[in-house]
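Please look over the sequence and the model below before reading on. The text after them goes from a pair of residues in loops to the packing of helices and then to the chain as a whole.

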Amino acid sequence: MKLWSALEKLVKSDNSTIIIKRISFFYEDRAMTKSILESLRKARNINVHSGISPLNVEMKNYHLCEYLERLLRFFIDNPFNNNQLSHMLDFISSATEIRTIDDQINKLIMVKKFISED
């Protein structure tokens, strides 16, 4: 429970969808990462709401620690020298699908062209 709470604090959200999206950002196999995180969230919820300790709790804690370590390294290393946490959170909340990114770039290019024609 406390490890999941630490993830919530690091990514500044208690919304599991946002937490999972922000953590998955760092991994190549995002679908697998999302599945693991959803499973960990379910185990946490069962523990909290039913008082039942999840099976393989050590393995679950190990996975949570991996995710925490990745987030901590990113925030501590601050690879883009952001001076505001909100910028870092926006970055890890970005789309990760290449087609979506390309569509966003193309849209911004059109907007830039449109507003420059004054």
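**From two loops to the whole chain**

Asn81 is exposed, with a relative accessible area of 66%. The model that gives this value is a predicted one. Asn81 belongs to the loop that joins α4 to α5, the latter covering residues 85-92. Its backbone is worth a look: phi of Asn81 is near 50°, which is a positive value in a residue that is not glycine.

Lys12 can be read in the same way. Its phi is near 55°, again positive in a residue other than glycine. Lys12 sits in the loop between α1 and α2. Is Lys12 buried or exposed? Its relative accessibility is 54%, so Lys12 counts as exposed, the cut-off for that class being over 50%.

The loop that holds Lys12 connects α1 and α2, and these helices pack against each other. Helix α1 spans residues 2-11 and helix α2 residues 16-24; their axes are 10 Å apart and meet at an angle of about 75°. Because of that angle, α1 is roughly perpendicular to α2, a term that covers 65 to 115 degrees. On the α1 side the contact is made by Trp4, Leu7, Glu8 and Val11, and on the α2 side by Ile19, Arg22 and Ile23. Sorted by class, the residues of this contact are five nonpolar and two charged, with no polar ones.

A second packed pair is formed by α3 and α4. Helix α3 runs over residues 30-50 and helix α4 over residues 57-77; the axes come within 11 Å and cross at roughly 125°. How is α3 oriented to α4? The crossing angle makes α3 oblique to α4, because it lies outside the ranges for the parallel, antiparallel and perpendicular classes. The crossing of these two helices is left-handed. Helix α3 contributes Thr33, Ile36, Leu37, Leu40 and Ala43 to the contact, while Lys60, His63, Leu64 and Tyr67 come from α4. The contact of α3 with α4 has six nonpolar residues, two polar ones and one charged one.

Lys60, a residue of helix α4, can be followed further. Which residues does Lys60 touch, once neighbours within four places in sequence are left aside? They are Leu40, Ala43, Pro54 and Leu55. Of these, Leu40 and Ala43 are also among the α3 residues in the contact between α3 and α4. Lys60 can also be placed relative to the start of the chain: Leu3 is 57 residues away in sequence, and the C-alpha atoms of Lys60 and Leu3 are 9.9 Å apart.

The helices described so far belong to a chain with six helices and zero strands. Along the sequence the pattern is α-α-α-α-α-α. Among contacts between residues at least 6 apart in sequence, 60% join residues at least 24 apart.

How does the radius of gyration of the chain compare with that of a compact globule of 118 residues? The chain has 18 Å, whereas the globule would have a value near 13 Å. Taken along the principal axes, the C-alpha atoms fill a box of roughly 65 × 30 × 25 Å. Of the 118 residues, 28% count as buried, a class that requires under 20% relative accessible area.

Methods. Residues numbered from 1 in each chain as written. Predicted model: local features only at pLDDT ≥ 70, side-chain atom pairs only at ≥ 80, totals over all residues. Heavy atoms only, no water. Axes fitted to C-alpha atoms, helices over the stretch in contact; angles between N-to-C directions. Helix = DSSP H or I, 4+ residues; strand = E, 2+ residues; numbered from the N terminus. Parallel < 35°, antiparallel > 145°, perpendicular 65-115°, else oblique. Left-handed = near helix turned anticlockwise from the far one by under 90°. Contact = heavy atoms within 4.5 Å. Nonpolar A, V, L, I, M, F, W, Y, C, P; charged D, E, K, R; others polar. Rg over C-alpha atoms; globule rule 2.2 N^0.38 Å. Buried < 20%, exposed > 50% of the residue type's maximum accessible area, 1.4 Å probe, protein only.
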